[in-house]
Amino acid sequence: MALNQWTRNQKLIRWVEEQIALCQPAKVHLCDGSAEEFDAIAALMVANGSLIPLKKRPHSFRCHTHPDDVARVEECTFICTKNMEDAGPTNNWHDPQLMKKKLQSLFANCMRGRTMYVIPYCMGPIGSPYARLGVEITDSPYVVLNMQIMTRMGADALKHLTGDFVPGLHSVGRPLNPGEKDGPWPCNLDHRVIAHFPEESSIYSFGSGYGGNALLGKKCFALRIASALGQKEGWLAEHMLILGLTPPEGQKIYIAASFPSACGKTNLAMLTPSLPGWRVECLGDDIAWMHRGADGRLYAINPEAGFFGVAPGTSMRTNPNAMKTIGHHTIFTNVAATEDGDVWWEGIGFSPPEKLISWRGVPWNPSEEIPAAHPNSRFTVSAKQCPIYSSDMENPQGVPISAILVGARRHSVMPLVAESFHWNHGVFLGASISSETTAASSGQVGYLRHDPFAMLPFCGYHMGDYFAHWVEMGQRLKHPPRIYSVNWFRRGVDGQFLWPGFGENIRVLKWIYERVAGRGGAVHSPIGLMPSFDSIDCGNLSVPFEPLFSVDRNEWQKEVQELESYFQLFGSRFPDSLAHELRQLKQRICE
Ligand code: GTP
Ligand code: SPV
Ligand code: MN
């Protein structure tokens with residue numbers, strides 16, 4: 001189909017034509033998002049060996065990436081603003097003009113011998129006043145399939161694409177010479193660049209085919225570009241799950257929660273309560289866009305339509321809803337595979353069969369002690385397949401948020417849960433988050449780093465301004481949500497987790513529910529309000545209360561010192577109100 005029959009949007013036509021001229025693809029495919037299109041592209045990939053159908057799961061596939069293209073690459077991710085200060089001290093900055101020049105030469109002829117796919121998509125329910133449109137151009141069929149699951153992609157989005165949109169250009173960066181055979185996972189590791197231009201809302205990604213580097217609707221648009229738009233326009237784009245919580249008797253409330261990558265969002269979003277009568281519904285597992293409603297409450301939509309979830313650790317014990325979600329129509333990336341056509345990963349809940357194909361696509365040798373599935377292996381699946389999918393996800397107005405959780409992976413210091421004294425103190429809790437790094441990003445795993453609101457790799461502007469924006473949002477809300485810090489990952493002296501987590505996290509949600517309802521009891525601590533022994537329902541769980549909730553003054557003095565030095569990074573852009581919170585905390589700790 002000709003471009004001008006496909007759309008009448010002149011800006012879109014011009015942009016696509018420019019990218020064709022630049023990238024010189026062999027073919028152009030304008031995506032319609034249909035099931036037939038999905039099947040045809042999947043069939044092409046199966047034929048060239050880059051996708052392998054799973055006999056045991058209807059309409060499901062596995063694939064293996066290049067062994068060094070397995071996660072987001074933060075060192076190759078750039079925020080390009082005219083003034084360096086506007087990207088802030090936590091982002092890699094690059095001069096926009098110089099970056100454009102570099103990109104022009106990287107993308108020149110980069111799709112030679114390949115098909116260019118043009119993907120129109122919508123982040124958020126189509127027609128919602130809070131939804132935003134984007135178009136991704138890519139030469140990766142893997143990206144097309146994943147975008148079809150992860151976003152509202154295709155003809156419906158295109159119908160709404162009459163005006164502005166966020167353009168995103170992506171290439172695996174491996175042009176094909178005439179007669180050259182393609183590799184199984186083409187990429188260009190030496191020239192990876194994921195560049196964001198928040199001042200013009202555009203994205204360019206080169207050289208990587210993996211998840212957050214390549215599915216441009218997700219981290220690039222829905223967080224980095226959207227957070228910058230949100231700052232200008234008075235809303236928030238956050239790395240947060242959204243869930244609905246209904247008690248045995250009483251009203252449903254909605255909760256949003258931020259945890260750094262691979263720290264528990266998908267699991268909490270799909271929680272199966274261990275307490276009878278409680279119900280959790282899933283509205284999103286990774287990203288929330290939040291705005292002020294006419295009633296002065298904070299409303300959230302999930303801009304995504306699917307889950308790109310961590311596979312390892314997912315089992316019928318930890319996350320039965322996820323296991324049921326991925327029974328069919330699922331793409332698995334970098335998991336291990338069984339001989340009879342199923343998938344396997346560490347923590348799936350049963351031992352591997354004798355013969356296993358590792359995530360690298362070769363027979364797995366357990367004696368080598370290398371995981372069979374990559375620690376950042378993932379499943380891509382439509383949210384609608386989740387047994388606790390909530391149709392609230394389609395509500396164009398979003399849902400009112402009663403509580404916000406900010407969490408992290410901390411083996412010590414941080415208690416299971418603490419409630420902020422008020423909004424600004426809650427913002428301070430979010431700003432103070434540090435977490436042990438995971439395999440979701442390339443680099444060393446397990447070291448502690450600051451990750452305010454789990455947004456360190458995703459905030460598209462100056463983090464100091466981001467804090468100020470949060471403070472301001474609170475001032476504009478008549479009924480701001482309460483803010484809680486949580487930590488499922490504290491360990492005892494034996495190195496074991498103190499808290500059983502997963503379905504038992506409902507006990508923490510129950511306490512939060514009761515606090516929000518104005519009933520639950522709490523005791524004052526230097527770092528916030530905490531459950532008293534009898535106000536958190538631990539039933540007959542044998543958990544050690546004291547070590548889970550203790551606030552060790554020596555540890556906290558160090559924590560305060562660390563925060564004092566960290567917050568200096570933001571200079572004059574660090575809000576006075578948060579500096580005040582830090583002084584207050586110091587005083588309470590030293591009392
Ligand atoms: P991203 O998709 O990278 O943003 O990750 P996420 O925040 O959605 O993390 P996810 O829920 O996939 O969990 C990541 C890892 O943490 C998995 O291996 C889980 O098994 C583990 N995990 C999640 N919740 C808990 C919990 O309550 N307790 C413990 N001990 N581990 C948990
Ligand atoms: C994360 O790393 O937070 C993810 C996976 O959710 S990715 O899409 O790669 O960003
Ligand atoms: Mn994430």
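**Figure 1. The manganese donors follow the spacing K-x19-H-x46-D in sequence.** This is a predicted model. The site belongs to the manganese ion (ligand 3), and its protein donors are Lys219 (NZ), His239 (NE2) and Asp286 (OD). They lie 2.2 to 2.5 Å from the ion. Lysine 219 sits in helix H9 (residues 217-233). Aspartate 286 sits in the loop between strand E14 (279-284) and strand E15 (288-292), so this pair ties together parts that are 67 residues apart in sequence. Is lysine 219 buried or exposed? Lysine 219 is buried, and aspartate 286 is buried too. Now look at the geometry. The ion has six donor atoms, with angles of 66 to 174° among them. The site is irregular. For comparison, ideal angles for six octahedral donors are 90 or 180 degrees.

**Figure 2. Twelve names to find: the surroundings of ligand 2.** Which residues are around ligand 2? They are Arg72, Gly211, Gly212, Lys218, Lys219, His239, Ser261, Asp286, Phe308, Arg378, Ala440 and Phe458. Among them are Lys219, His239 and Asp286, which also serve as protein donors of the manganese ion (ligand 3). Look next at the oxygen atoms of the ligand. A polar side-chain atom of arginine 72 comes 3.0 Å from one oxygen atom of ligand 2. Glycine 212 uses its backbone: an N or O atom there lies 2.9 Å from an oxygen atom of ligand 2. For lysine 219, a polar side-chain atom is 2.5 Å from an oxygen atom of ligand 2.

**Figure 3. A network of salt bridges links Lys218, Lys219, Lys265, Asp286 and Glu304.** Two members should look familiar. Lys219 and Asp286 are also donors of the manganese ion (ligand 3). Lys218 is in the network, and Lys218 is also one of the residues around ligand 2. A search of the whole structure finds 27 salt bridges.

**Figure 4. Glutamate 200 and lysine 100 form a salt bridge.** Their closest N and O atoms are 3.0 Å apart. Where is each partner? Glutamate 200 lies in the loop between strand E9 (193-197) and strand E10 (202-206), and lysine 100 lies in helix H5 (residues 96-107). The pair therefore ties together parts that are 100 residues apart in sequence. Glutamate 200 is partly exposed, at 44% relative accessible area. Lysine 100 is partly exposed as well, at 24%. Serine 201 is in the loop between E9 and E10 too. Serine 201 is buried, with 13% relative accessibility. What is its phi? Serine 201 has a positive phi of about 50°, although it is not a glycine. Most residues other than glycine have a negative phi.

**Figure 5. Aspartate 156 and lysine 159 form a salt bridge within helix H7 (residues 155-160).** The closest N and O atoms are 3.5 Å apart. The two residues are three apart in the helix, which means that about one helical turn separates them. Aspartate 156 is partly exposed, at 44% relative accessible area. Lysine 159 counts as exposed, at 62%.

**Figure 6. A salt bridge joins glutamate 419 to arginine 482.** The closest N and O atoms are 3.2 Å apart. Glutamate 419 is in strand E24 (residues 417-419), and arginine 482 is in strand E27 (residues 482-486). The pair links distant parts of the chain, 63 residues apart. Glutamate 419 counts as buried, at 2% relative accessibility. Arginine 482 counts as partly exposed, at 31%.

**Figure 7. Three strands make an open sheet in the order E20-E19-E21.** The pairing is antiparallel. Strand E20 (343-344) and strand E21 (356-357) are at the edges. Each has a single partner strand, so one side of each has no neighbour in the sheet. Two bridges join strand E19 (residues 336-338) to E20. Which residue stands opposite alanine 336? The residue is tryptophan 344 in E20.

**Figure 8. Threonine 77 and glutamine 24 show two local details.** Threonine 77 is in strand E4 (residues 77-79). Threonine 77 counts as buried, at 12% relative accessibility. A polar atom of its side chain lies 2.7 Å from the backbone oxygen of valine 73. Glutamine 24 is in the loop between helix H2 (10-23) and strand E1 (27-30). Glutamine 24 is not a glycine, yet it has a positive phi of about 55°. Glutamine 24 counts as partly exposed, at 40% relative accessibility.

Key
Residues are numbered from 1 along each chain as its sequence is written. Chains are lettered from A and ligands numbered from 1 in the order in which they are written. This is a predicted model: local features need pLDDT of at least 70, side-chain atom pairs count only at pLDDT 80 or more; totals for chains, interfaces and linings use all residues. Side-chain values use heavy atoms; hydrogens and water are left out. A salt bridge is a side-chain nitrogen of Lys or Arg within 4 Å of a carboxyl oxygen of Asp or Glu. Helices (H or I, at least four residues) and strands (E, at least two) are DSSP runs, numbered from the N terminus. Buried means under 20% relative accessible area, exposed over 50%, partly exposed in between (1.4 Å probe, protein chains only). Donors are N, O and S atoms within 2.8 Å of the metal (3.2 Å for Na, K and Ca); water is not among the atoms, so sites may look incomplete. Four donors count as tetrahedral if all angles lie between 85 and 135 degrees; four count as square planar and six as octahedral if opposite donors are over 155 degrees apart and all others between 65 and 115; anything else is irregular. Two strands pair if DSSP finds at least two bridges between them. A residue is near a molecule or strand if one of its heavy atoms lies within 4 Å of it. A polar contact is a pair of N or O atoms within 3.5 Å; within protein, one must be able to donate a hydrogen and the other to accept it, and residues adjacent in sequence count only if both atoms are side-chain atoms.
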